Amino acid sequence: MTYSVAVSGASGYAGGEILRLLAAHPDVEIRTVTAHSTAGQPLIQHQPHLRSLAHLTIQPTSAEVLAGHDVVFLALPHGQSGQYTDALGDAALVIDAGADHRLASEEAWNAFYGGAFHEPWTYGVPELLVDGGKQRQRLVGATRIAAPGCNASTVSLSLAPGVAAGVIDPSDIVSVLAVGPSGAGKAAKTNLLAAEILGTANPYAVGGTHRHIPEIRQALTAAMSDDRPDVGGIAAASPTSDGFSDERRVGISFTPVLVPMSRGILATSTAPITPGVTDAQIRDAWESAYADEPFVHVLPEGAFPRTADVIGANTALLGLAIDRSANRVVVVAAVDNLVKGTAGAAVQSMNIALGLPEDRALTVNGVAP
């Protein structure tokens, strides 16, 4: 069977990467691409690297244009997907690459995003540990999927094995991320000009203000086995004033730093070691969690990843260190923010939902040099 696909936000970075992956997918036909300001123009004018899709013209984004397809991808700015998802009741499968359907807590949404709150959808990180299992099981047959935030999934995949196994204390997580500017989207912004980012590293969203923080807390809370109800595999905790449960609270200091590389995330995350836990138990938590995963690889002891090793790949590479002098576990993760961080996760989730091979149109091999 060939599935008809529509992709909104087709002239942007995330939309373009979804299209690049789908162009090599033997089970889909890209019939419709949409956008706002670029509607009416050839797709190739805005995505000149997508030569096989040169026949497509960008249409206006509307529920009417998107309706009638087997699969709809929404790669729109945060807060804009909901107006269309509410009207796509007849679409067989809708995957939102924005934040509109990621959070289970309305209070957390209001605190970090604001605007209309929309119901949470099944979270599109198949490898994430959830209540003793994997999120993959919840994606089978799903019809509404929320693709992750790139920083959020990188940190969550980095630490979920330790949280699930109880070998680290999630109340004192520190994550510092070097990120490329493509994660900020394609809109022209002064702080993203080459003259502003070349030759320098710039911290942003410092002091607990980054929008991916509630997504990380939500995912790591879901990794803890408990009997609370969930929505799409994500724990629906009773929130406090800031949108998070006091019970078994996940505390994280999260600092992203913009660096002059177009793609990539290098996330260094640390957390305290649980008293009495051995080094062997710590490493086993990560190795056993991801032993059979095609796209999440734990590197041998003493090895750590580079962003160069994952560019163009749907791969998350993890290096694990045990710092006994500081009594902390250190996890260094590298992903391509546009592939495993966004578009690759969306296509991987689509494959699972439709019953296709999970790795269809996805690769573990990066591009070098």
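# A walk through two sheets and two pockets

Start by selecting P203: the residue standing opposite P203 in strand 14 is V257. Keep in mind as you click around that this is a predicted model.

**The mixed sheet**

Now show strand 11 together with strand 14, residues 252-258; the two pair in the antiparallel sense, over 2 bridges. Widen the view and you get an open sheet of 7 strands, in the order 11-14-10-15-18-17-16, with mixed pairing. Which strands sit at the edges? Strand 11 and strand 16 (296-298) do, each pairing on one side only.

Next, add helix 9, residues 213-223. Helix 9 packs on this sheet and touches strand 10 (173-179) and strand 14. Look along strand 14 and you'll find the helix direction at about 135° to that of the strand.

On the way, stop at A205, in the loop between strand 11 and helix 9. Check the backbone here: phi of A205 is near 50°, a positive value in a residue other than glycine. For background, most residues other than glycine have a negative phi.

Then move to helix 10 by selecting residues 279-290. Which strands does helix 10 lie across? They are strand 16, strand 17 (316-323) and strand 18 (328-335). Helix 10 runs at about 170° to strand 17.

**The parallel sheet**

Switch to the other set of strands. Here 7 strands form an open sheet in the order 3-2-1-4-5-9-6, and the pairing is parallel. Strand 3 (58-60) and strand 6 (122-123) are the edges; each has a single partner strand, so one side of each is left without a neighbour in the sheet.

Zoom in on strand 1, residues 3-8, and strand 4, residues 71-74: they run parallel and are joined by 4 bridges. For a single pair to click on, try V5, whose bridge partner in strand 4 is V71.

Now bring up helix 1, residues 13-22. Helix 1 lies across strand 1, strand 2 (28-35) and strand 4, and runs at about 160° to strand 1.

While helix 1 is on screen, show the side chains of E17 and R20. What do E17 and R20 form? They make a salt bridge, with the closest N and O atoms 2.7 Å apart. E17 and R20 are 3 residues apart in helix 1, so about one helical turn separates them. If you'd like to hunt for others, a search of the whole structure finds 14 salt bridges.

**The pockets**

Turn on a surface and go to the largest pocket, which holds about 1200 Å³ of space. Its lining takes in 48 residues; select H78, G183, A184, G185 and K186 to land on those nearest its centre. Three elements give two or more residues to this lining: helix 1, helix 7 (150-165) and strand 11. Which element gives the most? That's helix 1, with 3 residues. Colour the lining of the largest pocket by type and you'll see 21 nonpolar, 23 polar and 4 charged residues.

The second largest pocket comes next, with about 330 Å³ of space. Of its 19 lining residues, Y13, S182, G185, K186 and S262 are the closest to the centre. Helix 1 gives the most to this lining too, again with 3 residues. By type, the residues lining the second largest pocket divide into 7 nonpolar, 8 polar and 4 charged.

**One last stop**

Finish at P369, in the segment after helix 11 (339-354). Is the peptide bond from A368 to P369 cis or trans? It's cis, with omega near 0°. Most peptide bonds are trans.

Technical notes: Residues numbered from 1 in each chain as written. Predicted model: local features only at pLDDT ≥ 70, side-chain atom pairs only at ≥ 80, totals over all residues. Heavy atoms only, no water. Pairing = 2+ DSSP bridges. Contact = heavy atoms within 4.5 Å. Axes fitted to C-alpha atoms, helices over the stretch in contact; angles between N-to-C directions. 1 Å grid on protein atoms, 1.4 Å probe; cavity = no way out; pocket = protein on both sides within 12 Å on 5 of 7 lines; lining within 4 Å. Points joined across faces, edges and corners; volume = space filled by probe spheres on them. Nonpolar A, V, L, I, M, F, W, Y, C, P; charged D, E, K, R; others polar. Salt bridge = Lys/Arg side-chain N within 4 Å of Asp/Glu carboxyl O.
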